[in-house]
Amino acid sequence: MARIPNGSAEAIAPLMGKLKLPSQERLKCLFAYSEDTGSLTWKVTRAGNAVAGKAVSSLDGSGYIRVMVDGSRYKAHRLIWKIITGHDPADEIDHKNGIRTDNRKCNLREASTGEQPQNRFIRSDNKTGVVGVCWDKKKGKWVAQVRANKKRVFSGCFSDFNEAHAAYLKHRAIHQEFQPIPRELA
């Protein structure tokens, strides 16, 4: 059986978000965390940008703060979760307000892969200004639908946009318990 070079398996795991995190003790030795500001600051000077007293601030292409610890790259909010709770997240960590760099304790919560999409911003190509309602040209009506457990739940067709939106909100409250109220209305 061929031996995987050190770091190869770890290079793939962060993309899946399941990389085992360093111990809470190790993280507390390396970082100071402010629950009020969400900042993660180096306690010790290490290689590169890791300088004692300097905040971790390197952003990845998705807008998350990333940091290298013992040869592996981690999303800062996952390390912060471990610092706060003492355990690895079971699945995902959600930023309640949707701001990926806001790592305050009050803004972080565990989420499943199915719950995570419930807390999205409105897509940039959305033409209605609300989530869950779109215009169906063939029917000449507004269609309302909710996503639940990776499936669409049809809420109905409506002549009136506001009725369609109200139906969407009603079904969302039932089917999306993690984030029953869209962020833009919360």
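Buried means under 20% relative accessible area, exposed means over 50%, and partly exposed is anything in between (1.4 Å probe, protein chains only). Keep in mind that this is a predicted model: local features need pLDDT of at least 70, side-chain atom pairs count only at pLDDT 80 or more, and totals for chains, interfaces and linings use all residues. Residues are numbered from 1 along each chain as its sequence is written, and side-chain values use heavy atoms, with hydrogens and water left out.

Start by selecting C106: at 48% relative accessibility, this cysteine is partly exposed. Now pick C157, partly exposed at 28%. Why is there no bond from C157 to C134? The closest cysteine sulfur to that of C157 is in C134, 8.9 Å away, which is too far. Across the whole structure, a search for disulfides (pairs of cysteine sulfur atoms within 2.5 Å) turns up 0.

Next, go to F31 and show its contacts (heavy atoms within 4.5 Å). Skipping neighbours within four places in sequence, F31 touches L40, T41, W42, K43, V56, V67, V69, L79 and I83. F31 is also among the best-connected residues of the largest nonpolar core, which has 21 residues. Such a core is a set of buried Ala, Val, Leu, Ile, Met, Phe, Trp, Tyr and Cys residues joined through side-chain atoms within 4.5 Å. Colour α3 (76-85) too, as this helix gives the most to the core, with 5 residues. Apart from that core lies another, of 8 residues, including F158 and Y168.

Note on methods
Helices (H or I, at least four residues) and strands (E, at least two) are DSSP runs, numbered from the N terminus.
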